[in-house]
Amino acid sequence: MTAAAFPQRPAMEIFKAAGMPLGGTARISVVVPAMNEAKNLPHVLPHIPAWVDEVILVDGNSTDDTIAVARELLPDIIVLQQEKRGKGSALYTGFSAAKGDIIITLDADGSADPGEIPAFVGALLAGADFVKGSRFMQGGDTTDMEWYRKLGNWGLLRLVRLRFGGKFTDLCYGYNAFWRDVLPCLNLEQATGFEIETQMNVQALRAELNVFEVASKEFPRIHGTSNLRTFPDGWRVLKTIVRLGISPLPKVPARRRAAAGLQQPSI
């Protein structure tokens, strides 16, 4: 599905339905979880588009100069300390503090290109509720996955399709964007680790949000070693899928676009 699948509608309707000032523009927050990424941040933070309103770095008790480097690169950056361990906890901390109408997640290791942010924002402004990056759709790619991780992602993705439907082409990827008012639908409190991306994607499906995929290219981290543990974290993802498969559907208030009488297809 392409962005052309979304019907045209006046920008005024988007702003009004999202609780934004009429005639204004969407405020954008980028949340960057980081732990010992001082050497990688110079390859990430300066490349975030200047029109992003707020950058939040959530530090996982780094022992290097992550915080100092972040503040040197972006003097206006907001730095938070996560209270619990895990990437999910870091992202949830950032989401809770974000002031933007749109929230974007961005890894700190240089594996994701901040230059792709406009594609995510554009899809949201075109009518999507939740936008997920995909390394496996046309135009996407990854040079940072071993064959067994690709196989695991493929198997977990097939399980999600079988149980929840949808036509996702990627599942366990950390580049996502969404309107802040869909956060209650995602129920992220229980996802404390790398399974948070699966939690977000599956909950978006279960809540019948308008989900859109954009092609994204993933690169190897520039410095250091990943905190991802392939098999333990894959097991956490599997348990998350099973848990959501037997959980009650999320109670979703009348959504912004549904209330406006806008109909868009979801993937």
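Tutor: Let's start with a word we will need often: a residue is buried if under 20% of its relative area is accessible, exposed if over 50%, and partly exposed in between, using a 1.4 Å probe and protein chains only. Helices (H or I, at least four residues) and strands (E, at least two) are DSSP runs, numbered from the N terminus. The model is a predicted one, where local features need pLDDT of at least 70 and side-chain atom pairs need 80 or more, while totals for chains, interfaces and linings use all residues. Residue numbers run from 1 along each chain as its sequence is written, and side-chain values rest on heavy atoms, with hydrogens and water left out.

Student: What makes helix α7 "mostly covered"?

Tutor: In α7, residues 196-206, 11 of the 11 residues are buried. Among them are charged ones such as Glu197 and Arg206. Just after this helix, Glu208 has a positive phi of about 60 degrees.

Student: How do you know that both faces of strand β4 are covered?

Tutor: Look at the two sides of residues 102-105: Ile102 and Ile104 are buried on one, and Ile103 and Thr105 are buried on the other.

Student: Which way does β4 run relative to β1?

Tutor: Strand β1 (residues 28-34) runs parallel to β4, joined to it by four bridges; at least two bridges are needed for DSSP strands to count as a pair. Ile28 faces Ile102 there. With strand β7 (residues 176-179), β4 pairs in the antiparallel sense through three bridges, and Ile102 is opposite Trp179.

Student: Why is the pair of Phe120 and Tyr175 called stacked?

Tutor: Rings of Phe, Tyr and Trp (its six-membered ring) pair if their centres lie within 6.5 Å; planes under 30 degrees apart are stacked, over 60 edge-to-face, and the rest tilted. Five aromatic pairs turn up in the whole structure. For Phe120 and Tyr175 the centres are 4.4 Å apart and the planes meet at 20 degrees, so the pair is stacked. Phe120 sits in helix α4 (residues 117-125) and Tyr175 in the loop between α5 and β7, 55 residues apart.

Student: How do you know whether Phe120 is buried or exposed?

Tutor: Its relative accessibility is 0%, so Phe120 counts as buried. Tyr175 has 1%, so it is buried too.

Student: What makes Phe130 and Phe178 a stacked pair?

Tutor: Their ring centres are 6.0 Å apart and their planes are at 10 degrees, so they qualify as stacked. This pair links strand β5 (residues 130-134), home of Phe130, to strand β7, home of Phe178, 48 residues apart. With Phe95, these two rings form a cluster.

Student: What makes the contact of Asp101 and Arg27 a salt bridge?

Tutor: The rule asks for a side-chain nitrogen of Lys or Arg within 4 Å of a carboxyl oxygen of Asp or Glu. Here the closest N and O atoms are 2.7 Å apart. Asp101 lies in the loop between α3 and β4 and Arg27 in the loop between α1 and β1, so parts 74 residues apart in sequence are tied together.

Student: Why is Arg27 called partly exposed?

Tutor: Arg27 has a relative accessible area of 30%, so partly exposed is the right label. Its partner Asp101 has 5%, so Asp101 counts as buried.

Student: How many salt bridges does the rule give?

Tutor: The count is eight. One of them joins Glu213 and Lys132 at 2.8 Å, N to O. Glu213 is in strand β8 (residues 211-215) and Lys132 in strand β5, so this bridge ties together parts 81 residues apart in sequence. Both Glu213 and Lys132 are buried.
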